[in-house]
Amino acid sequence: MKKFSLLFLALAMLFAIVGCCNETTPPPAEDTFDGTDVADAQSFRAAVANGGQIRLTQDIALEDYIEIAEGVEIFGNGKTLTIACAQPDFGASGLFITSSDDVTIQNLTIKASSSYGAQMALIYLNGSSGNVTLENLVLDCNPDNVYSSPAFGIQTTYDVTSEIQIEGCSISNAKYGMYFNPISSSNVINNTITNTKYNGIVVAADNENYPCNNVVVGDNVLANVASENYPVVQYNCGIYIGKYVDNVSYWGNYVQLSPDSEDGVGIYVEQ
């Protein structure tokens, strides 16, 4: 019996050693990128016009807005896109998203090189209907604090029907951090907004024909917002939720108003 036990133990150790030696290291994850690398303004514009996956390999400067009319995935790769936001009031600006297909933009720094007009934005959704995902972006709307009318960070017009996911983004030096006229079935989570002239986040819902439904605004950090101290509270708060809403939730948000915002409030919900 003792010999049998020793034999069994020896065989078990042998199999363990063989099994250990036969283990293979898993291969590294394959690069799933299957698109176009871009290094200058011309190639970036051409790639956006064609759609598909796009990856920046250099910092790029654009002298005018660029329309995103096709489905794209833009991988910023930690690079910087500098873009002018200089159009007449209510004109196209920044990354101007009109696509009916899905659009994803991630890991990109976007800076304004100029800014004037009432409704400029670094990311401007106008008539889009595809899903839009914005992740880990850094938006600087007024890099040197030289524009009296800085751009918005992100804005939607009334005819947008896209479901929008915004997460892990940082917006600074903006007129408004994010301004949504309509927005539905969307999430605005874990973003940072600093140094705004008016509100940090606006869910406007100011017209019964353009309600905002099924929206989450959560775990966002807003600091030094609403510095203009506008006399109407609708434009003098950290987060504004309009009247015509259904199932719009807001939780875990931190709001610090600008010292100049004497009459402002952190979060204002229209009744």
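## Buried asparagines, paired strands and ring pairs

Leaving aside residues up to four places away in sequence, Asn-220 touches Val-188, Ile-189, Asn-190, Asn-191, Ile-201, Gly-252, Asn-253 and Tyr-254; contact here means heavy atoms within 4.5 Å. The model is predicted, so local features need pLDDT of at least 70 and side-chain atom pairs count only at pLDDT 80 or more, whereas totals for chains, interfaces and linings use all residues. Residues are numbered from 1 along each chain as its sequence is written, and side-chain values use heavy atoms, with hydrogens and water left out.

**Asn-220 and Asn-236**

Asn-220 is located in the loop between β18 (212–218) and β19. Strands (E, at least two residues) and helices (H or I, at least four) are DSSP runs numbered from the N terminus. With a relative accessible area of 0%, Asn-220 is buried. Buried denotes under 20% relative accessible area, exposed over 50%, and partly exposed the range in between, using a 1.4 Å probe and protein chains only.

Asn-236 lies in the loop between β19 (221–225) and β20 (237–241), and its relative accessibility of 1% places it among buried residues. Apart from residues up to four places away in sequence, Asn-236 touches Asn-199, Ala-226, Asn-229, Tyr-230, Ser-261, Asp-263, Gly-264 and Val-265.

The side chains of both asparagines take part in polar contacts, as does that of Asp-102, discussed below. A polar contact is a pair of N or O atoms within 3.5 Å; within protein, one atom must be able to donate a hydrogen and the other to accept it, and residues adjacent in sequence count only if both atoms are side-chain atoms.

| Side chain | Partner | Distance |
|---|---|---|
| Asn-220 | backbone oxygen of Val-188 | 3.0 Å |
| Asn-220 | side chain of Asn-253 | 3.0 Å |
| Asn-236 | backbone oxygen of Tyr-230 | 3.1 Å |
| Asn-236 | side chain of Ser-261 | 2.6 Å |
| Asp-102 | backbone nitrogen of Asn-131 | 2.9 Å |

**Strand β20 and its partners**

Five of the five residues of β20 are buried, so the strand is mostly covered by the criterion given above. β20 pairs in the parallel sense with strand β17 (residues 201–203) over three bridges, where two strands pair if DSSP finds at least two bridges between them. In this pairing Ile-201 stands opposite Ile-239 of β20. β20 also pairs in the parallel sense with strand β23 (residues 265–269), over four bridges, and Ile-241 stands opposite Val-269 in β23.

**Cysteines**

A disulfide is a covalent bond between the sulfur atoms of two cysteines. With a cut-off of 2.5 Å between the sulfur atoms, a search of the whole structure finds zero disulfides. Cys-212 is buried at 0% relative accessibility, and Cys-237 is likewise buried, with a relative accessible area of 0%.

**Aromatic pairs**

Eleven aromatic pairs are found in a search of the whole structure. Rings of Phe, Tyr and Trp (its six-membered ring) pair if their centres lie within 6.5 Å; planes under 30 degrees apart count as stacked, over 60 as edge-to-face and the rest as tilted. One of the pairs is formed by Tyr-176 and Tyr-179, which is edge-to-face at 4.9 Å centre to centre with 85° between the planes. Both Tyr-176 and Tyr-179 are buried. Another pair, Tyr-230 with Tyr-235, has ring centres 5.6 Å apart and planes at 90°, and is therefore edge-to-face. In this second pair, Tyr-230 is partly exposed at 33% relative accessibility, and Tyr-235 is partly exposed at 26%. Ring pairs join Phe-152, Tyr-176, Tyr-179, Tyr-198, Tyr-230 and Tyr-235 into a cluster.

**The salt bridge**

Side chains of opposite charge can pair when their charged atoms come close. The structure holds one salt bridge, defined as a side-chain nitrogen of Lys or Arg within 4 Å of a carboxyl oxygen of Asp or Glu. Arg-55 forms a salt bridge with Asp-37, and the closest N and O atoms are 2.8 Å apart. Because Arg-55 lies in strand β2 (residues 52–56) and Asp-37 in strand β1 (residues 36–38), the pair ties together parts that are 18 residues apart in sequence. Arg-55 is partly exposed, with a relative accessible area of 21%, and Asp-37 is also partly exposed, at 41%.

**Asp-102**

Asp-102 is placed in the loop between β7 (95–97) and β8 (103–116). Its relative accessibility is 46%, so Asp-102 counts as partly exposed. Not counting residues up to four places away in sequence, Asp-102 touches Gly-71, Val-72, Gly-130 and Asn-131. Asp-102 and Ala-69 are 33 residues apart in sequence and 10.0 Å apart in space, C-alpha to C-alpha.
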